Amino acid sequence: MEKSDYHSNTQKGPSSDPANYRPVSLTSVFGNLMERVVASEMLRYLLKNRLLSADQHGFWSKRSTLTNLLESVNDWSVSIQNKLHNQVAYIDFSRAFDFVSHPKLLHKLKSYGLNGSLLHWISFLSNRIHCTRVGNAYSSFKHIRSGVVQGGCLGQLLFLIFINDITDNLRSPFKCKMYADDVKLYTCC
């Protein structure tokens, strides 16, 4: 069972509108520690085996929105020096963490060689229920059919794995830079 508190996300409108709130999961200290250990080992494995896209700049050490921007600006500067045009499209997937398909994510984890007890443990994503607390009132329990937990390090890594192959079908002259669920596609021609 997972409990969620709703926290305001007033960037999108007034706090009186329920659509401007998003769930934040509350996990025990021991659950958080376990997630951190699992995520750290998974990331080490993925990086060692070069399984994560070099175009992703979100949620890993020594990568940030700044490294994402610097790589893009460098590409654009080179194309301008070569008298080429830059065309850029920015994509922000709305509520992307909420729509991660559990069966597809588990399939990807297997394809990356993550299996056995680790895969069994990660399958905690399936068959979960949660309730929501607003003040002292609790909602009825609902089944969670998709998504990864936001706020924990494991959820972030699982999301990166889920979208990792977004750039696999891009061919030159197209390039892509990602930061979590923000995607920047561009071409220099």
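**Note on the predicted model**

1. In the protein, 61% of the contacts between residues at least 6 apart in sequence join residues that are at least 24 apart. The structure discussed here is a predicted model, and the points below should be read with that in mind.

2. As for secondary structure, the protein contains five helices and eight strands, and, when the chain is followed from the N terminus, these elements come in the order β-β-α-α-β-α-α-β-β-β-α-β-β.

3. Of the 189 residues in the protein, 35% are buried. The protein exposes a surface of about 11,900 Å², and 56% of this area is supplied by carbon and sulfur atoms.

4. A point on backbone angles deserves some care, and a general remark helps to introduce it: most residues other than glycine have a negative phi. Arg50, which is not a glycine, has a positive phi, near 50 degrees, and this residue lies in the loop between α1 (29–48) and α2 (65–81). Is Arg50 buried or exposed? Arg50 counts as exposed because its relative accessible area is 76%, and the cut-off for that word is over 50%.

5. Lys83 also calls for a comment, since its phi is positive, at about 60 degrees, although Lys83 is not a glycine. Where along the chain is Lys83 found? Lys83 sits in the loop between α2 and β3, the strand that spans 86–92. With a relative accessible area of 75%, Lys83 is exposed.

Conventions. Residues are numbered from 1 along each chain as its sequence is written. This is a predicted model: local features need pLDDT of at least 70, side-chain atom pairs count only at pLDDT 80 or more; totals for chains, interfaces and linings use all residues. Side-chain values use heavy atoms; hydrogens and water are left out. Helices (H or I, at least four residues) and strands (E, at least two) are DSSP runs, numbered from the N terminus. Buried means under 20% relative accessible area, exposed over 50%, partly exposed in between (1.4 Å probe, protein chains only). Contact means heavy atoms within 4.5 Å. Accessible areas come from the Shrake-Rupley method with a 1.4 Å probe; for residues, only the protein chains shown count as cover.
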